[in-house]
Amino acid sequence: MSLVSEVVDNGRAVLVKSGSFTLFSLRLLRVTPAALRRTRLVVDQVYNTGALSLVIIMLSGLFVGMVLGLQGYDLLQRFGSTESLGVAAGLALLKELGPVVTALLFAGRAGTALTSEIGLMGATDQLSAMEMMAVDPVRRVCAPRFLGGVIAMPLLAGIFSMVGIFGAQLVGVTLMGVDAGQFWSQMRGAVELRDVNQGILKSCVFGLACSAIAVYEGYHAAPTAEGVGRATTRTVVSSSVAVLVLDYMLTAVLL
Amino acid sequence: MTQTRATEIGTGLFALLGFAALFFLVTQITNRSIAWNEQSYRLSARFDNVGGLKVGAPVSMGGVTIGRVEAIEFDSSDYKAVARLRIQQRYSRIPNDSDVAIFTAGLLGGQYVGITPGGAETYFKDGDQIELTQSAVVLENLISKFLFDKAGQEGAKKSEGAAK
């Protein structure tokens, strides 16, 4: 009996959570166009989420590309077609690794910062104070942060892919001795504009999902130190799962 | 004040770098660079069989890519495949008795259209059709032909032996 009631309770909790997330997202989307006009706030957030994530994104991109170069070389060498390394690395980075790894890093680096910042604002009654002054905290605090993340994500993914391709070239061409001309020309021959667009579209969707989750968790965090900590953890977990599930669905639709 | 300046510079740098990366990916990694603001003209060619030719495959002359396959259609009036080619304008001097064939790049490579120049003094114009065409070689047909020939020879040998 208690098992049944527990299942029912959990099911209800999931429903409540998804419902409140959907409502919050709609509210966020409604006030976002207005936030676009307050460029000052948005620029600050693009700086916080984007520019400050540059180092981790570029470093990760470089090493992911270098590993791709090594693994790809080892694999292709078995079939005697190491010249295709550029194609393998380029497509893997543009379509999958670029958007997905960037989104995961974004959730860890920028998403947590957003959640804890908004959560602490709530815990220290700054959000309530805004409401007292008839300022909508969703419009003033959440929307610019959301928008900043959405703008930053595709740019970060593009930088990640570019650095990754150079990383693959560094290992493949410089270390392993693949012909540089073959590396680039085969990549140019095989990669189409469609593939690049697919990667950009993916990272835009991931940007929307990660930013919305981070802002939602922060806004709804329990106003205690523990509550903010839990909300930050939930941001990383939900964002990562959402990114991986969305990635599969987008790939199935776009392929 | 210095704080906001740093923010602005950082954001500007980030945005510039981001768009530069996207631009790099679009222009340098894809084969799009050829199609941009390049004048071109169209030719068409009718084949019995285009094999695995794909839209976007290169059209080459002497090994140099001079255009791309724009569309492949099937003409049900004479049961032939029609390949529409888009050739760059600067390669406009192709003799109009040139012949066109579908080749395979390497053993596992993709198929492409190769034009072998003829000797005529007049050149193809926009919208012309190339008359001399040679279909793609379908590997399965070749293999089955070879096997049937082999079997036929064996059979002939056997019947010769039986006659003796």
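Two residues are said to be in contact if their C-beta atoms, placed from the backbone, lie within 7 Å. With that in mind, we can walk through this predicted model, beginning with chain A and the helix that closes its list of elements.

Chain A contains 9 helices and 0 strands, so that, read from the N terminus on, its elements run α-α-α-α-α-α-α-α-α. Taken along the principal axes, its C-alpha atoms fill a box of roughly 65 × 55 × 30 Å. Of the 255 residues in chain A, 45% are buried, and among its contacts with a separation of 6 or more, 87% are accounted for by residues 24 or more positions apart.

Helix α9 of chain A, which covers residues 225–254, has 30 residues and reaches 43 Å from its first C-alpha to its last, close to the 44 Å expected at 1.5 Å a residue. Which residues of α9(A) are buried? They are Val228(A), Ala231(A), Thr232(A), Thr235(A), Ser238(A), Ser239(A) and Val243(A). To read such a list, it helps to recall that an α-helix has 3.6 residues a turn, so residues three or four places apart point the same way. The buried residues of α9(A) pack against two other helices of chain A, namely α4 (85–123) and α8 (193–219).

In the loop between α8 and α9 of chain A lies His220(A). Why does His220(A) count as partly exposed? The reason is that His220(A) has 18 C-beta neighbours inside 10 Å, whereas a buried residue needs 20 or more and an exposed one has 12 or fewer. The C-alpha atoms of His220(A) and Gly122(A) are separated by 8.4 Å, although these two residues are 98 residues apart along the chain.

We now turn to the other chain. Chain B has 2 helices and 8 strands, and from the N terminus on its elements run α-β-β-β-β-β-β-β-β-α. Buried residues make up 19% of the 164 residues in chain B, and among its contacts between residues at least 6 apart in sequence, 62% join residues at least 24 apart. Chain B is divided into domain 1 (2–31) and domain 2 (38–144), and the centres of these domains, taken over C-alpha atoms, are separated by 41 Å.

How are the strands of chain B ordered in the sheet? The 8 strands form an open sheet with mixed pairing, in the order β7-β1-β4-β3-β2-β6-β5-β8. Its edge strands are β7 (128–130) and β8 (132–134) of chain B, each of which pairs on one side only. On average, and with direction ignored, neighbouring strands of this sheet are turned by 30 degrees against each other.

The individual pairings can be followed from one edge to the other. Strand β1 of chain B (residues 40–47) pairs with β7(B) in the parallel sense over 3 bridges, and Ala45(B) has Ile130(B) in β7(B) as its bridge partner. Towards the other edge, 3 bridges join β5(B) to β8(B), which run parallel, and here Asp99(B) has Leu132(B) in β8(B) as its bridge partner. Strand β5 (residues 99–104) also pairs with strand β6 (residues 111–116) of chain B, in the antiparallel sense over 6 bridges, with Val113(B) in β6(B) as the bridge partner of Ile102(B).

Finally, the two chains meet in a contact that takes 19 residues from chain B and 23 residues from chain A. By class, the side of chain B that touches chain A has 11 nonpolar, 6 polar and 2 charged residues.

How values were computed. Residues are numbered from 1 along each chain as its sequence is written. Chains are lettered from A and ligands numbered from 1 in the order in which they are written. This is a predicted model: local features need pLDDT of at least 70, side-chain atom pairs count only at pLDDT 80 or more; totals for chains, interfaces and linings use all residues. Ala, Val, Leu, Ile, Met, Phe, Trp, Tyr, Cys and Pro count as nonpolar, Asp, Glu, Lys and Arg as charged, and the others, Gly among them, as polar. Helices (H or I, at least four residues) and strands (E, at least two) are DSSP runs, numbered from the N terminus. Domain bounds come from an automatic or database domain assignment. The expected span of a helix is 1.5 Å times one less than its number of residues. Two strands pair if DSSP finds at least two bridges between them. Axes are lines fitted to C-alpha atoms, for helices over the stretch in contact, and angles run from 0 to 180 degrees between N-to-C directions.
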